[in-house]
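This report covers a strand arrangement and a chain-to-chain contact. Please view the structure first.

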Amino acid sequence: MNWVIVLWLMIASACLTLAFIHLLIWFKQRAQYAHLLYGAFALGVACFAAFELLMMRAESVEQFRLLQRWIHVPIFILIVSSVWFVRIFFGTGRLWFAVAVIGLRLLVLVVNFSSATSINYLEITALRPVELWGGATVPVAETVVNPWGWVGGLTLLLWGVFVADATLLLWARGGPDNRRRAGLVGGSLIFLVVAGAVQSQLMHQGIVKLPHLMTWLILGPLLAMGYELGSDVFRAAQLARKVQAGEAQLQMNAERLRLALTGARLALWDWDIANGEVYLSDRWQEMLGGAPQAAITTFAELAGLVHSDDFPVLRRHLREALKGAVPAYEVDHRVRTLSGDWLWIHSRGEVVVRDSSGRALRMTGVNEDITGRKQAEDALRRSEERLRLSQQVARVGTFDWDIATGVNVWTPEMEAVYGLPPGGFAKTRSAWESLVHPDDRARAVQKVNVTLQTGQRVEGEWRVIWPDGSIHWLSGRFQVFKDEAGKPVRMTGVNIDITDRKQAEERFRLVVEASPNAMIIVNGKGEIVLLNPQAEKIFGYAQDELVNCSIEVLIPERFRAAHRDDRSEYFRSASGRMMGAGRDLYARRRDGSEVPVEIGLAPIATPEGTLILASIIDITERRQIESEAAAAHDELAHLSRVAMLGELSGSLAHELNQPLAAILSNAQAAQRVLGHGTENVAEVREILKDIVEDDKRAGEVIRRLRVLLKKEDVELHSLDINEIVLDVLRLMRSDLLNRIVTASTGLASDLPAVRGDRIQLQQVLLNLVINACDAMIGSPARDRQLDVRTLLVDGHVEVCVADHGKGIPPEDLERIFQPFVTTKLHGIGLGLAVCRTIVNAHAGRIWATNNGTRGATVHFALPVSPPRNA
Amino acid sequence: MSEPEPTVFVVDDDPSVLKGLRRLLVAAGLNVETFGSPQEFLERPEVTGLGCLVLDVAMPGLNGMELQEALDARGSLLPIIFLTGHGDIPMSVRAIKRGAVDFLTKPVDDEDLLAAIRNAFDKGRALRQARAEMADIERRMATLTPREREVLAHMVSGRLNKQIAADLGTVEKTIKVHRARVMEKMQVRSLAELVRLAERARIKSAPSKS
């Protein structure tokens, strides 16, 4: 046992330990390939040391030869692991170079195992012990060199060049870590390669007899690599702690951000541009109406939700942001929610990560649901548009006059109202005044001055002359604003083109003036606004005497109070109708006389409120004609009565002669009684009493006659129709007897009164009774029956006069009431016509029917008069 | 021969007229009976004594003219004076033709009425007398045989016996016998007396066959 063996054993075991540790680390952190490679490297060293140890202890050539052959496996492991370690650990090293080194070494391995002994030797002939420093003896082989041995040397050379190249690249990057790493690892490896190559060539070529002891050369890189890797692990642990702290902080920040976003109702998105994935915060999903973390995971999906109208704009903004032309983009666009509604969002984003070439890798941003705001904006914009549009349509212009500076700003509509092109107004007061029609200028200016002085809102109307010479009516309203000192500082107002209205008013005025009827227009206060010449003529006033006067001036004093009430009542629910339906209306002329009128009323809606148009017709003439007609009618009725009484004269004489006969007989009887000389006073007294009675009776007959013959004005009274029936039958008594007509009556008791003229109704009844008797002239005496009935039907008192005559031909039932239609031989055909006129004048009706059995009945019905106190 | 006092029957539907007439006639010393309607009068037992009827024309139900007809039908001898409020000529002619004594219009003067009544009484009296004579003649006539009645008829027409015999197909002698019997039965003494009687009785003279 010598020191070499002890040392080599120690090295091998230490290397095994290292390998174990680093492989364990790699096992825990698979991404850390450096540890795997380092573990492999350390394992390779351990194996290499073990082979050398065995070679030192080799007891035969054969043993030695075998070991010499297999030692190339750990060498291969060493080369491969070191090459790849350099690539990973340095982050440099050319891939093709590394692959070439490894490939060539693999070739060496193939050659090695295909040789008789190894790549180095063709034959080992003997082992010769060599004493080393410290008394240790190790065998050295007597060999025949393999002519392919240079290939092995070449691979070592390439290995070295590769490492040197990688080291230099690392060195070139600069920085203490890189340089140290390059120096330690790269340097030790280069040294290993150079020293190993030199020693192996010397040994293998048999130039120097040396034992196979090269493990020590590898310890340098092993330690260097271990050191660097160890410090990496240490730093990683440190970093991990930092990261942990940082992560906690980050999480807190993320939470704060989330809260902030939630509070602001902001949605967060994060776009990994390379793989097209998007992360959307919960709020986003909520906005879209989906469950949190639902569906949308890619940018393409998200882009698909954007409204097609908005997408081009969004894309343009995104591109600019991605290119880096702008630091961040902001755009409003719509997205479709899962339910299909459109949501307006405000999107803001910026690129947060770019690669070294400046390409955007990640973009993050926030979105805000601005649908409500958009709607409000839309509504505002729409209402502004509407206002503008309506101002345009209604031709409403607005001005704003700064009194201090004298600048009068007009809207384009205002300019249009004055016929000016937009911007055509000179913005001064005098410019305005010059636009106003000269006839109206003073008035318009005065209105403005009144506003300035009083500060009240003022309205006015004036004409303007447009540049094209046309004249337009404007209505202006304006208002003044004052400062604290009460000095007017601003005046604003509107001007409206009212030409159409004015023209309509003018046309209306012309129509009113041209009307053949008198017309008066009255406003809500009862003041006369307008009257036409016909009204002037009727009332005897001139137009300007009445305008602005109360309409009651034209009303007779006794009606004024009532009219005032009616008028305000009418204004509350104005509708076109006749005034005072059913009443006689009178108007008062200027001279105080009254004129009968008929008045039609019609409301007119105007911007100044409702006006009433009263159309007044002087009906003096009509009244006169009416009264003449009434007089003619009365005259006819009278004549008809006289004619009728002529027919009755015989029986009337009889009626009168009865009492006269009684009187004469009584009187002569009395004479005789007295002539007898006997003082029979009692009898004479009784006779005289009877005479008085009969005289009265005769007087009554005459009175009835006179009543019928009298030409009296029609007088309406409440009448009992039964009384009239009995009266007429009494008057007709003798005639009925003469004609051998039996009269029967069926008079309803408790009949309500009718309102009418007694004489005229008697006339009607007489006429009907005479007609009934005439109708029965040809009948046998026993059939001459007359029946008069009264009854109450539907609020009317009906009187039926039935005869037993031949009846009336059905086609004549209507005609008989026409004038000059008669069925009698000597009739003139006026009786029933007069009857109908009278009955109609009593608001009643008269008609004829044929009886079922024989004869005809003439009926007339009169409305029941309302109770007296109604 | 003292005859009973004649009675005036008054029919009028007007009570006051009836009352006035009654008073007047009573004052004039006449017997008066009044009736409010023709029916009332007809219901009364038939008047046998002397009197007259003062009758209103226009009355409800049965009127004056109809009452006249009804009384005629009964063979009443009561003379009628019509009293009317308003009469016309055709009406009065019709009434007189039917045997009315007078046709007066209301109001009627008492003298006119009383004269008419007196006249009516006379007429009634004459009528009654004529009726009595007639009855006597008829009674005598009744005693005649049919053959004698034939002969009477020929006698009244003033024919000679010879002619009568020829007509009746018999001989003159037989006719002479019949003639004597007729004269005896009829209680007449001369042919003239017989002719007057026959006239009264409206015995028709036999028509001449030649």
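## Strands and interface

Strand 10 (residues 458-465) of chain A pairs with strand 11 (residues 471-482) of chain A in the antiparallel sense, over 8 bridges. The model is predicted. A:Trp462 has A:Leu474 in strand 11 of chain A as its bridge partner. The two strands, 10 and 11 of chain A, make a hairpin with 5 residues between them. In that turn, A:Gly469 shows a positive phi of about 95°.

Strand 11 of chain A also pairs with strand 12 (residues 488-497) of chain A. The sense is antiparallel, over 9 bridges. Here A:Ser475 has A:Ile496 in strand 12 of chain A as its bridge partner. This hairpin of strands 11 and 12 of chain A has 5 residues between the strands, and A:Gly486 takes a positive phi near 85°.

| Strands of chain A | Bridges |
|---|---|
| strand 10 and strand 11 | 8 bridges |
| strand 11 and strand 12 | 9 bridges |

Now the interface. The contact draws 26 residues from chain A and 26 residues from chain B. About 2200 Å² is buried between chain A and chain B, 51% of it on carbon and sulfur atoms.

How many salt bridges are there between chain A and chain B? The count is 7 salt bridges. One joins the side chains of B:Arg23 and A:Asp690, at 2.9 Å, N to O. Polar contact between chain A and chain B links 14 residue pairs, both residues at pLDDT 80 or more.

On the side of chain A that touches chain B, helix 20 (620-675), helix 21 (681-709) and helix 23 (733-738) of chain A each supply at least two residues. Helix 20 of chain A gives the most, with 15 residues. By class, that side of chain A has 10 nonpolar, 9 polar and 7 charged residues.

How values were computed: Residues are numbered from 1 along each chain as its sequence is written. Chains are lettered from A and ligands numbered from 1 in the order in which they are written. This is a predicted model: local features need pLDDT of at least 70, side-chain atom pairs count only at pLDDT 80 or more; totals for chains, interfaces and linings use all residues. Side-chain values use heavy atoms; hydrogens and water are left out. Contact means heavy atoms within 4.5 Å. Buried area is the accessible area (1.4 Å probe) that two parts lose on being put together, summed over both. A salt bridge is a side-chain nitrogen of Lys or Arg within 4 Å of a carboxyl oxygen of Asp or Glu. A polar contact is a pair of N or O atoms within 3.5 Å; within protein, one must be able to donate a hydrogen and the other to accept it, and residues adjacent in sequence count only if both atoms are side-chain atoms. Helices (H or I, at least four residues) and strands (E, at least two) are DSSP runs, numbered from the N terminus. Ala, Val, Leu, Ile, Met, Phe, Trp, Tyr, Cys and Pro count as nonpolar, Asp, Glu, Lys and Arg as charged, and the others, Gly among them, as polar. Two strands pair if DSSP finds at least two bridges between them.
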